Amino acid sequence: SQGMTKHSKILQYVNYRMRVTMEDGRQMVGKFMAFDKHMNVVLGDAEEFRRIVVRGGKGEEREEKRPLGLLIIRGQNVVSLTVESKPPPEDKKNKLGGLGVAGGPGVAQAGGRGLPVAPMGQAPAGLAG
């Protein structure tokens with residue numbers, strides 16, 4: 001047994017809130033949703049953080065935050081990944097707004113064809129000979 005590979009080590013952080021540091025110094029924080037062999041990263045509900053040197057200040061910096069949403073970052077630009085926080089606990093209620101619908105494949109229903117259902121042995125209206 002080979003043990004944990006790099007791939008499986010990073011796989012355990014899917015759904016965690018992660019901070020991605022990029023080559024240009026920007027930092028993106030969001031829900032770590034996916035990655036691939038090139039280390040391309042998908043972040044959900046992402047925010048960008050940039051350090052900006054204040055002009056006229058004595059070497060002061062301020063951090064600017066900007067909401068971005070769904071973000072795909074090219075692996076070439078990724079310098080590091082840091083855990084910000086664990087994934088939120090899964091709700092005991094169903095994702096469907098807690099409507100009391102049981103999880104699973106769904107409920108099967110016959111698809112209608114736009115014609116009224118006629119009693120057995122009788123043709124639908126308009127189709128009777």
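Begin by selecting strand E1, residues 17–22: this strand is mostly covered, with five of its six residues buried. The model on display is predicted.

**The sheet around E1**

Zoom out until the whole sheet is in view. It is an open sheet of five strands, paired antiparallel, and its order reads E4-E3-E2-E1-E5. Colour E4 (61–73) and E5 (78–85) separately, as these are the edge strands, each of which pairs on one side only. From one strand to the next, the twist averages 30°.

**From E1 to E2**

Next, add strand E2 (residues 27–35) to the selection. E1 and E2 run antiparallel and are joined by five bridges. To locate one position in this pairing, select Arg17, whose bridge partner in E2 is Lys31. Then follow the chain through the turn: E1 and E2 form a hairpin with four residues between them. Within that turn, Gly25 has a positive phi of about 95°.

**From E2 to E3**

Extend the selection to strand E3 (residues 41–53), which is antiparallel to E2 and joined to it by seven bridges. Pick Phe32 here; Leu43 in E3 stands opposite.

**From E1 to E5**

Return to E1 and select its partner on the other side, E5. The two strands pair in the antiparallel sense over six bridges. A position to display is Met22, with Val78 of E5 standing opposite.

**Arg19**

Now show the side chain of Arg19, a residue of strand E1. Is Arg19 buried or exposed? Its relative accessibility is 18%, and since buried means under 20%, Arg19 counts as buried. Display Glu84 as well: a polar contact of 2.9 Å links its side chain to that of Arg19. To see the surroundings of Arg19, select the residues it touches beyond four places in sequence, among them Gln27, Met28 and Val29, together with Phe49. Ser80, Leu81, Thr82 and Glu84 also belong to this set of contacts.

**Val83**

Finish in strand E5 by selecting Val83. Val83 has 37% relative accessibility and therefore counts as partly exposed. Which residues does Val83 contact, leaving aside its neighbours within four places in sequence? They are Tyr13, Tyr16, Arg17 and Met18. As a last step, draw a distance between the C-alpha atoms of Val83 and Val29: the separation is 9.4 Å, although the two residues are 54 residues apart along the chain.

Definitions and conventions:
Residues numbered from 1 in each chain as written. Predicted model: local features only at pLDDT ≥ 70, side-chain atom pairs only at ≥ 80, totals over all residues. Heavy atoms only, no water. Pairing = 2+ DSSP bridges. Axes fitted to C-alpha atoms, helices over the stretch in contact; angles between N-to-C directions. Buried < 20%, exposed > 50% of the residue type's maximum accessible area, 1.4 Å probe, protein only. Polar contact = N/O pair within 3.5 Å; in protein donor to acceptor, adjacent residues only side chain to side chain. Contact = heavy atoms within 4.5 Å.
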